[in-house]
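Q: Got a minute to go through this one with me? I'd like to start with the charged pairs.

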Amino acid sequence: RTLQALEVFGMTYSEVEMVKQIMAAILNIGELRYTGTNAEFSSATRQAGRAGIVENLLGLPTDALAKLFLEGVFKAKAIGSSVQRTVPRSAEEAGEVSECLAKLLYSRLFDELNKRIN
């Protein structure tokens, strides 16, 4: 019924498909699990290929999510110089980053749907 409602509000087939892809990506992000002090995807996440599924749904290159979720960037500036270094995230930090991405996607999708409906 929800998909039919989107069509009633004038969304094209391709727009409805995009909504479905984004929702599927959000749901799969929610299923990502991490382990370790230097975070890595859990064995269940790797076996299910969840990161790859999300990357495909969002049109991201392979391993983009690993870089985003599992690594952070440390920046330090001093007078006349700056240093930037990639540092591993903890499993907890990786979970927080993936949760933020899911919330951002959901928020943007909701805002767009709200604009279309109102």
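A: Sure. The side chains of Lys115 and Glu112 meet in a salt bridge, 3.6 Å from N to O. A salt bridge here is a side-chain nitrogen of Lys or Arg within 4 Å of a carboxyl oxygen of Asp or Glu.

Q: What kind of model is this, and what are the ground rules?

A: This is a predicted model: local features need pLDDT of at least 70, side-chain atom pairs count only at pLDDT 80 or more, and totals for chains, interfaces and linings use all residues. Residues are numbered from 1 along each chain as its sequence is written, and side-chain values use heavy atoms, with hydrogens and water left out.

Q: Back to Lys115 and Glu112. Why are they separated by about one helical turn?

A: Because they are three residues apart in helix H6. Helices are DSSP runs of H or I with at least four residues, numbered from the N terminus.

Q: Is Lys115 buried or exposed?

A: Lys115 is exposed, at 60% relative accessible area. Glu112 is partly exposed, at 41%. The cut-offs: buried is under 20%, exposed is over 50%, partly exposed is in between, with a 1.4 Å probe and protein chains only.

Q: How many salt bridges does a search of the whole structure find?

A: Five. Another one in H6 joins Lys103 to Glu99. Their closest N and O atoms are 3.1 Å apart.

Q: What's the spacing of Lys103 and Glu99 along the helix?

A: They are four residues apart in H6, so about one helical turn separates them. Lys103 is exposed, with a relative accessible area of 52%. Glu99 counts as partly exposed at 45%.

Q: Any others?

A: Lys67 and Glu71 also form one, at 3.5 Å from N to O. Lys67 is exposed at 52% relative accessible area, and Glu71 is partly exposed at 31%.

Q: New topic. Which helix packs with H6, and at what angle?

A: H2 does, at about 155 degrees, with the axes 9 Å apart. H6 covers residues 91–117, while H2 spans 13–29. Axes are lines fitted to C-alpha atoms, for helices over the stretch in contact, and angles run from 0 to 180 degrees between N-to-C directions.

Q: So what do you call that arrangement of H2 and H6?

A: Roughly antiparallel. Angles over 145 degrees get that label; under 35 is roughly parallel, 65 to 115 roughly perpendicular, and the rest oblique.

Q: Which hand is the crossing of H2 and H6?

A: Left-handed. That applies if the near helix is turned anticlockwise from the far one by less than a right angle; clockwise is right-handed.

Q: Is Leu113 buried or exposed?

A: Leu113 is buried, with a relative accessible area of 18%. This residue sits in H6. Its C-alpha is 15 Å from that of Lys103, ten residues away along the chain.

Q: And the nonpolar surface patch: which residues make it?

A: Val8, Phe9 and Ile117, over about 290 Å². Phe9 is in the loop between H1 (2–8) and H2. At 40% relative accessible area, Phe9 is partly exposed.

Q: Last one. What's with the phi of Asp63?

A: Asp63 has a positive phi of about 70 degrees, and it is not a glycine. Most residues other than glycine have a negative phi. Asp63 lies in the loop between H4 (50–58) and H5 (64–70). With 52% relative accessible area, Asp63 is exposed.

Terms used
Patches are made of residues with over 30% relative accessible area and no salt bridge: like charges are joined within 9 Å, nonpolar side chains (Val, Leu, Ile, Met, Phe, Trp, Tyr) within 5 Å. Accessible areas come from the Shrake-Rupley method with a 1.4 Å probe; for residues, only the protein chains shown count as cover. Helices (H or I, at least four residues) and strands (E, at least two) are DSSP runs, numbered from the N terminus.
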